[in-house]
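Please open the structure in a viewer and keep the selection tool at hand. The tour proceeds stop by stop, stating at each one what to select and what is found there.

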Amino acid sequence: MTKRRLLHKVISQLGYIALLLVVFLPPLAEAARLNDIRVWHAPDHTRIVVDLDKSPIFKHFYLADPARFVLDLPGFGLGTRAPDQAKSGPYLKAIRIGQPNPQTARIVLDLKEQVKIKTLVLAPVPGFGHRLVLDVYPKKSGGSVAGKPAKPTQSKVPQTASVTKTRPKPLNKNDGVITIAIDAGHGGEDTGARGRRTNEKDVALQIAKRLHKKINAQKGMTSILTRKGDYFISLRDRTQIARDAGADLLISIHADGFKNGSASGSSVYALSLSGASSETARWLADKENSADLAGGVNISARDDTLAKVLLSLAMQSTQNESIPFAGSVLRELKKIGKVHNPAVEKAGFVVLKSPDIPSILVETAYITNRAEEKLLRSASHQEKLANAILIGTRKYLKGSSYHTSSRSNNS
């Protein structure tokens with residue numbers, strides 16, 4: 001056999017072997033990626049959310065001189081840039097990303113001061129993939145302090161979420177002033193319902209701020225906001241903020257969403273102890289209650305203390321006040337536009353479950369309806385909505401037998 005023939009035969013055999021390898025061997029796994037980093041600022045901490053292709057096993061440690069927090073993600077590559085440093089917030093100088101080696105993604109937080117950092121792994125939920133959450137608290141909040149070297153720690157199991165607690169100073173209930181807690185639904189990582197150009201969390205906050213300003217301009221009335229910016233607060237913390245402020249009423253502001261884009265109109269909800277009053281109400285309650293999952297709080301476990309309170313006479317009395325309160329606001333909303341249901345709806349929204357504060361949830365319009373989304377984006381329509389809620393609240397208070405003194409004495 002000539003050398004040329006021998007070479008040709010060897011090349012042919014190598015080509016055949018290569019073909020077999022391509023056909024029968026599994027493809028090499030594509031490296032997981034760090035896809036995005038988002039930053040949210042609450043009054044008492046900064047939340048950093050890292051989007052990932054898969055659930056991470058990570059290690060983290062603190063370094064000093066200069067103070068920084070380092071988190072390594074073995075098995076991840078980089079698919080994004082570091083966030084805008086202007087968004088770093090009050091506790092961080094900068095947020096940096098890099099790769100100490102080709103198989104590891106690294107996040108570095110350059111610190112302005114001594115802090116405590118809590119980590120949390122979130123499993124996918126509708127609208128979100130795998131996420132790693134870093135909550136940065138100032139040293140005064142307690143716990144371990146950054147800026148001192150520490151041994152790397154491994155984390156694989158999701159940890160319990162931290163709970164944001166913003167506590168307004170209680171007001172003197174002997175001054176005769178009615179205090180109203182205004183709750184802007186969703187916030188931060190939890191966008192709420194989405195229209196073509198608008199997120200529910202944004203219009204809810206805009207309307208809440210307009211209502212807040214109008215109430216504070218009234219004689220004998222004042223209000224507090226459960227959230228003042230774009231950050232996450234758990235559903236149960238919203239009611240606790242209202243209670244700690246000595247609130248007499250709670251109004252939660254939302255913008256509806258539904259799979260059918262033709263759904264339209266405002267709705268007002270009071271708490272149902274026996275379940276939702278319609279299939280739509282039941283679906284909406286499930287959607288709103290799942291906000292805690294989006295923000296990183298597990299609400300699936302039964303709360304025995306709350307269950308007992310819900311069965312108490314105090315809760316029943318509060319519910320009896322919530323229904324006429326909701327009805328008064330609904331009547332005013334009918335004057336400025338279409339309502340989805342002419343009667344007060346009832347559903348098991350968590351934010352309505354305060355045992356001693358009459359509470360209502362206002363779905364101002366359907367953000368998934370193009371025409372209503374346009375209205376919700378309009379400053380003039382937001383003013384109309386805020387004014388209708390204010391007038392409905394004033395009319396309820398004028399005709400109500402509910403007295404702040406009796407509630408306060410029982411608190």
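**An aromatic pair**

Select Tyr-269, which counts as buried because its relative accessibility is 0%. The model shown is a predicted one, and every stop on this tour should be read accordingly. Next add Phe-349, which is likewise counted as buried, at 1% relative accessibility. How are the two rings arranged, stacked or edge-to-face? Tyr-269 and Phe-349 form an edge-to-face aromatic pair, with 5.1 Å from centre to centre and 80° between the planes. Tyr-269 belongs to strand β14 (residues 267-271), while Phe-349 lies in the loop between β15 (345-347) and β16 (359-366). The two residues are 80 residues apart, and the pair thus links distant parts of the chain. The count of aromatic pairs comes to three.

**The five-stranded sheet**

Now display the strands as ribbons and select β5, β1, β2, β9 and β8. These five strands form an open sheet in the order β5-β1-β2-β9-β8, with mixed pairing. Which strands stand at the edges? They are β5 (76-78) and β8 (115-122); each has a single partner strand, so one side of each is left without a neighbour in the sheet. On average, neighbouring strands of this sheet are turned by 30° against each other, direction ignored.

Restrict the selection to β2 (residues 46-52) and β9 (residues 130-138). This pair is antiparallel and runs over seven bridges. To locate one of the bridge partners, select Ile-48 and then Leu-134, its partner in β9. In general, strands of a sheet pair through backbone hydrogen bonds, either parallel or antiparallel.

With the same two strands in view, show the side chains of Arg-47 and Asp-135. These side chains meet in a salt bridge, at 2.8 Å from N to O. Arg-47 lies in strand β2 and Asp-135 in strand β9, so the pair ties together parts that are 88 residues apart in sequence. Are these two residues buried or exposed? Both Arg-47 and Asp-135 are buried.

**Further salt bridges**

The whole structure contains 13 salt bridges. For another of them, select Glu-189 and Arg-38, whose closest N and O atoms are 2.3 Å apart. Glu-189 is in the loop between β11 and α2, and Arg-38 is in strand β1 (residues 32-41), so this contact ties together parts that are 151 residues apart in sequence. Glu-189 is buried, with a relative accessible area of 4%.

Move next to Asp-230 and Lys-201, which form a salt bridge with 3.1 Å between the closest N and O atoms. Asp-230 lies in the loop between β12 (221-225) and α3 (235-244), whereas Lys-201 lies in helix α2; the pair therefore ties together parts that are 29 residues apart in sequence. The partners are placed as follows: Asp-230 is partly exposed, with a relative accessible area of 31%, and Lys-201 is buried, at 5%.

Finally for this group, select Asp-36, Arg-38, Asp-51, Arg-131 and Glu-189 together. Salt bridges that share partners join these five residues into one network.

**Charges over rings**

Select Lys-54 and Phe-76. The charged end of Lys-54 sits over the ring of Phe-76, at 5.8 Å from the ring centre. Then select Lys-118 and Tyr-137: Lys-118 lies over the face of Tyr-137, 5.2 Å from the centre of the ring.

**Backbone features in two loops**

Turn to the loop between β3 (58-63) and β4 (68-74), where Pro-66 is found. Which form does the peptide bond from Asp-65 to Pro-66 take, cis or trans? The bond is cis, with omega near 0°. Asp-65 lies in this loop as well, and it has a positive phi of about 55° although it is not a glycine. With a relative accessibility of 76%, Asp-65 counts as exposed.

As a last selection, choose His-186 in the loop between β11 (178-184) and α2 (200-216). His-186 is not a glycine either, yet its phi is positive, near 65°. Whereas Asp-65 is exposed, His-186 is buried, with a relative accessible area of 5%.

Notes
Residues numbered from 1 in each chain as written. Predicted model: local features only at pLDDT ≥ 70, side-chain atom pairs only at ≥ 80, totals over all residues. Heavy atoms only, no water. Pairing = 2+ DSSP bridges. Helix = DSSP H or I, 4+ residues; strand = E, 2+ residues; numbered from the N terminus. Axes fitted to C-alpha atoms, helices over the stretch in contact; angles between N-to-C directions. Buried < 20%, exposed > 50% of the residue type's maximum accessible area, 1.4 Å probe, protein only. Salt bridge = Lys/Arg side-chain N within 4 Å of Asp/Glu carboxyl O. Phe/Tyr/Trp six-rings, centres within 6.5 Å; stacked < 30°, edge-to-face > 60°. Lys NZ or Arg CZ within 6 Å of the ring centre and 35° of its normal.
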